[in-house]
Amino acid sequence: MNIRHGIWLLSLLIVACGDNEAERAAQMLRQQQVEDSLALKVAVTPTLDCLPLFVAEQEGWFEQEGVSVQLRRYTAQMDQDTALLRHRVEGMTTDRERLNWIKEQGMDVEEVAQTDLKWQLVTNKTARIKQLKQLDDKMLAMTRRSATDMLARRAIDSVGLQPERVFRIQVNDVLVRLGMLENGIMDAMLLPEPQATQARLGGHHVLMDTDSMGLHLGVIVFSKETLADTARQGQVERFVRVYQMARDSVAARGLGYYRKLIVDHCHVRQEIVDSIK
């Protein structure tokens with residue numbers, strides 16, 4: 001066999017191998033697409049109430065229970081709502097005030113579990129606001145039609161301030177909101193954990209919290225379309241079972257045990273986790 005003939009045969013082999021590799025890649029892509037379509041997609045935020053979901057994902061507990069779950073990460077409730085509305089996710093974490101509002105807007109959803117979502121009203125140390133009545137003529141960051149909106153109204157009403165005298169500024173992204181406090185842009189705001197603890201350790205003042213008020217506002221919801229599907233319904237039931245198991249694990253082991261997970265998913269420093277009350 002001459003050199004030219006050998007090169008020709010080698011080229012055929014390379015092309016053949018290339019075709020096989022391309023076909024295998026295409027098959028893998030098709031398989032991944034099928035798996036993605038079957039997975040239960042749930043919107044989460046970088047907040048402590050979502051920790052049980054992060055734990056279950058890391059530990060592989062969803063797979064052990066026979067349910068494929070993909071957590072889709074967002075930093076604003078509005079973006080979660082949009083994702084659910086556009087069928088990018090089947091479920092999401094939210095609060096009861098927000099749940100009531102999206103139902104009124106025609107979004108057909110149903111609560112399946114309660115979460116440990118907590119909120120604190122924090123004031124900027126540079127604003128020297130030590131009492132709620134000092135919110136007069138100040139800017140307070142929140143998300144309209146949500147728990148933060150309701151809590152802001154409660155705070156204002158509790159000290160007899162005129163609603164128009166407190167400038168409620170819509171800042172949907174929880175991380176942006178915290179940054180505005182730390183950079184002295186906003187006078188006050190409602191923050192969840194662990195962002196509230198980061199603010200407190202930064203010397204900012206906590207004037208109100210849902211824990212002491214006995215309010216339990218966090219929920220997980222799924223679209224009724226998802227819950228109406230027999231196969232999906234089974235997935236959601238297993239999802240909730242795993243969530244409760246992970247929640248129990250967090251309660252039993254403590255936040256310190258999952259320190260790294262909180263740091264990674266909630267974007268806070270280690271010392272923040274160790275100081276959460």
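This note sets out numbered points on the fold, cores, cysteines, internal space and selected residues of a predicted model.

1. Overall composition. The protein chain has 277 residues, of which 46% are buried. Its secondary structure comprises 13 helices and 10 strands. Among contacts with a separation of 6 or more, 76% join residues 24 or more positions apart. The accessible surface is about 14,300 Å², and carbon and sulfur atoms account for 50% of that surface.

2. The largest nonpolar core. In soluble globular proteins, nonpolar side chains tend to be buried together. In this model, the largest nonpolar core holds 34 residues, and L51, V55, F62, V69, F222 and F239 have the most contacts inside it. Two or more residues of this core come from each of the strands β1 (40–44), β2 (69–73) and β10 (218–223), and from each of the helices α2 (51–59), α3 (61–64), α11 (230–253), α12 (259–266) and α13 (270–274). The largest share belongs to α11, which gives seven residues. Apart from this core lies another, of 21 residues, including L140, M142, M150 and V166.

3. Helix α2. Within α2, the buried residues are L51, P52, L53, F54, V55 and A56. The elements that cover them include β1, β2 and β3, together with α3, α11 and α12. One residue of this helix, V55, shows which partners are involved: beyond its neighbours within four places in sequence, V55 is in contact with W61, A246, V250, Y258 and L261. After α2 comes G60, whose phi is positive, near 75 degrees.

4. Cysteines. How many disulfides does the model contain? The count is zero. For C50, the nearest cysteine sulfur is that of C266, at 7.7 Å, and C50 is in no disulfide. C266 is likewise in no disulfide, with the sulfur of C50 as its nearest cysteine sulfur, 7.7 Å away. A disulfide requires the two sulfur atoms to lie within 2.5 Å, a condition that C50 does not meet with its nearest cysteine sulfur at 7.7 Å. As for their surroundings, C50 is buried, with a relative accessible area of 0%, and C266 also counts as buried, at 2% relative accessibility.

5. The largest pocket. Rolling a probe the size of a water molecule over the atoms shows where empty space is left. The largest pocket contains about 480 Å³ of space. Its lining is made of 23 residues, and those closest to its centre are L48, D116, K118, I276 and K277. At least two lining residues are supplied by each of α2, α8 (195–201), β9 (205–209) and α11. The largest share of this lining, four residues, comes from α11. Helix α11 therefore gives the largest share both of the largest core and of the lining of the largest pocket, under the helix assignment used here.

6. The cavity. One cavity of 30 Å³ or more is found, and the largest cavity has a volume of about 170 Å³. It is lined by 17 residues, with T45, T47, Q77, Q80 and W119 closest to its centre. Each of α4 (77–85), β3 (91–95) and α7 (174–182) supplies at least two residues of this lining.

7. The loop residue L255. Where does L255 lie? Its place is in the loop between α11 and α12. With a relative accessible area of 24%, L255 is partly exposed; the limit for a buried residue is under 20%. Setting aside residues up to four places away in sequence, L255 touches L48, L51, V250, I262, V273 and I276. L255 is also 7.7 Å from D274, C-alpha to C-alpha, although the two are 19 residues apart in sequence. Of the residues that L255 touches, L51 is among those with the most contacts inside the largest core, while L48 and I276 are among the residues closest to the centre of the largest pocket.

8. The loop residue K133. K133 is located in the loop between β5 (119–123) and β6 (139–142). Is K133 buried or partly exposed? K133 is partly exposed, with a relative accessible area of 49%. Leaving aside neighbours within four places in sequence, its contacts are V159 and L161. K133 and V159 are 26 residues apart in sequence, yet their C-alpha atoms are 5.7 Å apart in space.

Technical notes:
Residues numbered from 1 in each chain as written. Predicted model: local features only at pLDDT ≥ 70, side-chain atom pairs only at ≥ 80, totals over all residues. Heavy atoms only, no water. Core = buried A, V, L, I, M, F, W, Y, C linked by side-chain atoms within 4.5 Å. Buried < 20%, exposed > 50% of the residue type's maximum accessible area, 1.4 Å probe, protein only. Contact = heavy atoms within 4.5 Å. Areas by Shrake-Rupley, 256 points an atom, 1.4 Å probe, with all protein chains shown as cover. 1 Å grid on protein atoms, 1.4 Å probe; cavity = no way out; pocket = protein on both sides within 12 Å on 5 of 7 lines; lining within 4 Å. Points joined across faces, edges and corners; volume = space filled by probe spheres on them.
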